[in-house]
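Here is a structure to read through by question and answer. Look at the sequence and the model first, then follow the turns below.

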Amino acid sequence: MQLSEDYKNIVKLRFNAPNQLEDKFYATFYLGIINPERFNPDIFARFSLQEILDYLKKSHTEYLTVWFPKIEKLINDIQAELGVSDVTLTLKSFIVNYYNELTNHINFEEKVLYNFVDKLLKGIYVEKEKIFVLNHFLETHNHNVTDELVIIQKIVLNKDAKIGENSRVKELFEILNIIQNDLVLHGVIEDELLIGKIHQYIESEF
Ligand SMILES: [Fe+2]
Ligand SMILES: [Fe+2]
């Protein structure tokens with residue numbers, strides 16, 4: 001897997017002061033996207049609660065307004081090039097469903113968890129709310145939805161093994177793999193960093 005310069009430049013914008021971060025930081029961050037299982041969350045420990053929240057919010061917007069429209073466009077281009085087929089229709093309906101699931105995940109997360117953090121940062125803290133929000137989040141949060149970006153590739157290749165040689169299909173599969181990893185990493189940052197920062201913030205501020 002290789003991250004394009006375009007991709008690298010776009011994900012940099014998730015940070016509030018992207019130019020102040022060293023090359024070494026980015027190198028570790030990009031390696032985390034290439035291999036989320038080996039990502040070391042400690043590299044994000046330097047960021048404040050506000051910065052982590054901003055990073056996560058900007059990632060949400062980026063998935064929905066940059067990467068998924070790009071994926072959709074690639075699928076339309078594939079359909080224009082190869083004609084309508086079982087494979088192109090499968091890809092199209094898959095992406096519509098996936099986009100809806102991801103949107104629901106994001107909306108719920110922002111409404112419950114991020115909203116709670118926004119309030120903390122404005123100085124409003126209700127302990128009962130913390131217990132409800134954090135328990136609920138930890139029990140229900142999962143990014144299983146991301147596995148589907150790899151499964152769909154297998155489904156497509158089962159239907160038509162030769163289609164994998166098409167250059168647009170290769171490009172599509174590459175971006176699906178990158179976004180899948182990016183979403184896994186996003187989940188790790190939410191589960192491990194954001195939650196830890198919330199506890200620290202409450203302890204020091206309230
Ligand atoms: Fe999220
Ligand atoms: Fe999430």
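Axes are lines fitted to C-alpha atoms, for helices over the stretch in contact, and angles run from 0 to 180 degrees between N-to-C directions. The model discussed here is predicted.

Q: How are H3 and helix H4 oriented to each other?
A: H3 and helix H4 (residues 86-121) pack with their axes 11 Å apart, at an angle of about 170 degrees. Angles over 145 degrees count as roughly antiparallel. H3 and H4 are therefore roughly antiparallel.

Q: Which class of residue, nonpolar, polar or charged, has the highest count in the contact of H3 with H4?
A: The contact of H3 with H4 has five polar and four charged residues. Its nonpolar residues number 17. The class asked for is nonpolar.

Q: How many helices and how many strands does the protein have?
A: Read along the sequence, the protein follows the pattern α-α-α-α-α-α-α. Strands number zero, and the count of helices is seven.

Q: Why do H3 and H7 count as roughly antiparallel?
A: The axes of helix H3 (residues 49-82) and helix H7 (residues 167-205) come within 10 Å. They cross at roughly 165 degrees, and that makes H3 roughly antiparallel to H7 because angles over 145 degrees fall in that class. The value that decides it is roughly 165 degrees.

Q: Is the crossing of H3 and H7 left-handed or right-handed?
A: The residues of the contact of H3 with H7 divide into 18 nonpolar, two polar and seven charged. As for the hand of the crossing of H3 and H7, it is left-handed.

Q: Which residues of H6 make the contact with H7?
A: The axes of helix H6 (residues 148-159) and H7 come within 8 Å and cross at roughly 155 degrees, so H6 and H7 are roughly antiparallel. On the H7 side, the contact is made by Phe173, Leu176, Asn177, Ile179 and Gln180. On the H6 side, the residues are Leu149, Val150 and Gln153.

Q: How many charged residues does the contact of H6 with H7 have?
A: By class, five residues of the contact of H6 with H7 are nonpolar and three are polar. The number of charged residues there is none.

Q: Which helix gives the most residues to the largest nonpolar core?
A: The largest nonpolar core has 29 residues, and Ile52, Leu56, Leu172, Ile179, Ile189 and Leu194 touch the most other members. H3, H4, H6 and H7 each supply at least two residues of this core. With eleven residues, the helix that gives the most is H7.

Q: Which residues does leucine 56 touch, not counting those up to four places away in sequence?
A: Leu56 is one of the core residues that touch the most other members. Beyond four places in sequence, leucine 56 touches His186, Ile189, Glu190 and Leu194.

Q: Is threonine 65 buried or exposed?
A: Threonine 65 has its place in helix H3. A residue is exposed if 12 or fewer other C-beta atoms lie within 10 Å of its own. Threonine 65 has 10 C-beta neighbours inside 10 Å, so it counts as exposed.

Q: How far apart in space are glutamine 2 and phenylalanine 132, C-alpha to C-alpha?
A: Glutamine 2 is found in the segment before helix H1 (5-12). Glutamine 2 is exposed, with 8 other C-beta atoms within 10 Å. Glutamine 2 and phenylalanine 132 are 130 residues apart in sequence, and their separation in space is 41 Å.

Methods
Residues numbered from 1 in each chain as written. Chains lettered and ligands numbered in written order. Predicted model: local features only at pLDDT ≥ 70, side-chain atom pairs only at ≥ 80, totals over all residues. Helix = DSSP H or I, 4+ residues; strand = E, 2+ residues; numbered from the N terminus. Parallel < 35°, antiparallel > 145°, perpendicular 65-115°, else oblique. Left-handed = near helix turned anticlockwise from the far one by under 90°. Nonpolar A, V, L, I, M, F, W, Y, C, P; charged D, E, K, R; others polar. Contact = placed C-beta atoms within 7 Å. Core = buried A, V, L, I, M, F, W, Y, C linked by C-beta atoms within 7 Å. Buried ≥ 20, exposed ≤ 12 C-beta atoms within 10 Å, placed from the backbone.
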